[in-house]
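Me: I have a model open in front of me and would like to learn how to read it, one feature after another. Could you give me the general idea each time, and then the case at hand?

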Amino acid sequence: MVNLKHSPKISDQDRTKQQIVVLRWGHRVHRDARLTSHVALTARALGCSGFILSDSEDGKLKETVEKITQNWGGDFFFEMGNSWKTTIKNWKSKDGIIVHLTAYGENIQISNVLNKIKELKNDILLLVGSQKVPKVFYTNEVSNFNVSIGNQPHSECSALAIFLDRFFEGKELSSSFRKAKIKIVPQKRGKKTLLT
Ligand SMILES: C[S@@+](CC[C@H](N)C(=O)[O-])C[C@H]1O[C@@H](n2cnc3c(N)ncnc32)[C@H](O)[C@@H]1O
């Protein structure tokens, strides 16, 4: 399980998979609360190990995400309060790489950027913005890769979901979450849940 407190180094004996943690930059408390919570919940549901909110603190958001994790299971951490600079410095110092999702990056469909990221095998800090991001995000001072999910502007939530689905090749959609108190039993109609 990756966490800034738990090193993102890939040398751990019992870790074989590249881990992904989402770094959300540009959250404005109140204005972005709903979208940021959707970004965090998308990260959790689609296979990430954690979520970092940089340059901002939002206790309500943290509570919402942690409550979902308590009820629906899995290991997913939520961190906030550090600046993006500190977060990135810490991540890089532990051999992690930074992938910046941006409409201006290498197109995931028509380039081999995803293969290049996977070949590296380092843990990934997936940087998503909100309003206009600092220019330095596009440079190798910050990002190892700038990846676009098509070259049209859309949303951090959709970009994140598509990146993760391509990265995990759809397998994340059938994974089960440890220690879940509630599980959905998929059905043709109606709503069925199991409480454990
Ligand atoms: C609503 S967009 C704002 C983009 C902003 N206008 C800019 O120029 O940086 C917010 C975030 O969604 C993500 N995003 C939007 N469209 C994307 C795309 N086509 N590919 C990858 N990421 C995208 C990026 O992370 C971006 O920072």
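Reply: Let us begin with what it means to be close to a bound molecule: a residue is near a molecule or strand if its C-beta atom, placed from the backbone, lies within 6 Å of it. Before we apply that, note that this is a predicted model, in which local features need pLDDT of at least 70 and side-chain atom pairs count only at pLDDT 80 or more, while totals for chains, interfaces and linings use all residues. Residues are numbered from 1 along each chain as its sequence is written.

Me: How many residues surround the ligand, and which are the closest?

Reply: The ligand is surrounded by 17 residues, and the closest are Leu 101, Ala 103, Gly 129, Glu 156 and Ala 159. To say where such residues sit we need names for the elements: helices (H or I, at least four residues) and strands (E, at least two) are DSSP runs, numbered from the N terminus. With these names, S4 and H5 are the elements that give two or more residues to the shell around the ligand, and S4 provides the largest share, three residues.

Me: How do the residues of that shell divide by chemical character?

Reply: The convention is that Ala, Val, Leu, Ile, Met, Phe, Trp, Tyr, Cys and Pro count as nonpolar, Asp, Glu, Lys and Arg as charged, and the others, Gly among them, as polar. Sorted in this way, the shell around the ligand holds seven nonpolar, eight polar and two charged residues.

Me: In what order do the strands of the open sheet lie?

Reply: Two strands pair if DSSP finds at least two bridges between them. Here six strands form an open sheet, which reads S3-S2-S1-S5-S4-S6 and has parallel pairing. Strand S3 (77–80) and strand S6 (145–148) are the edge strands, each pairing on one side only. For angles, axes are lines fitted to C-alpha atoms, for helices over the stretch in contact, and the values run from 0 to 180 degrees between N-to-C directions. From one strand to the next, the twist averages 30°.

Me: Which residues stand opposite one another in the paired strands S4 and S5, and in S4 and S6?

Reply: S4 and S5 pair in the parallel sense over four bridges, and His 100 stands opposite Leu 127 in S5. S4 is also joined to S6 by five bridges, again in parallel, with Asn 107 opposite Ser 148 in S6. Elsewhere in the sheet, four bridges join strand S1 (residues 20–24) to strand S2 (residues 50–53), which run parallel, and Val 21 has Gly 50 in S2 as its bridge partner. Helix H5 (residues 156–167) packs on the sheet, where it touches S1, strand S4 (97–107), strand S5 (124–128) and S6, and its direction makes about 155° with that of S5.

Me: Which residues of helix H3 are buried, and why do they fall on the same side?

Reply: A residue is buried if 20 or more other C-beta atoms lie within 10 Å of its own, exposed if 12 or fewer, and partly exposed in between, with C-beta atoms placed from the backbone. In helix H3 (residues 84–93), the buried residues are Trp 84, Thr 87, Ile 88 and Trp 91. They lie on the same side of H3 because they cover an arc of only 95° around the axis, the arc being that of the directions from the helix axis to the C-beta atoms. The face turned away from that buried side carries the exposed residues Lys 89 and Ser 93. Two residues are in contact if their C-beta atoms, placed from the backbone, lie within 7 Å, and what covers the buried residues of H3 includes S1, S2, S4 and S5.

Me: Which sign does phi have at Asp 95, at Lys 121 and at Lys 179?

Reply: Most residues other than glycine have a negative phi, and most peptide bonds are trans. Asp 95, which follows H3, has a positive phi, near 70°. Phi is also positive at Lys 121, near 70°, a residue in the loop between helix H4 (113–120) and S5. Lys 179 has a positive phi near 60° and lies in the loop between H5 and strand S7 (182–184).

Me: Are Lys 121 and Lys 179 exposed or partly exposed, and why?

Reply: Lys 121 counts as partly exposed because it has 13 C-beta neighbours inside 10 Å, whereas Lys 179 is exposed because 12 other C-beta atoms lie within 10 Å.
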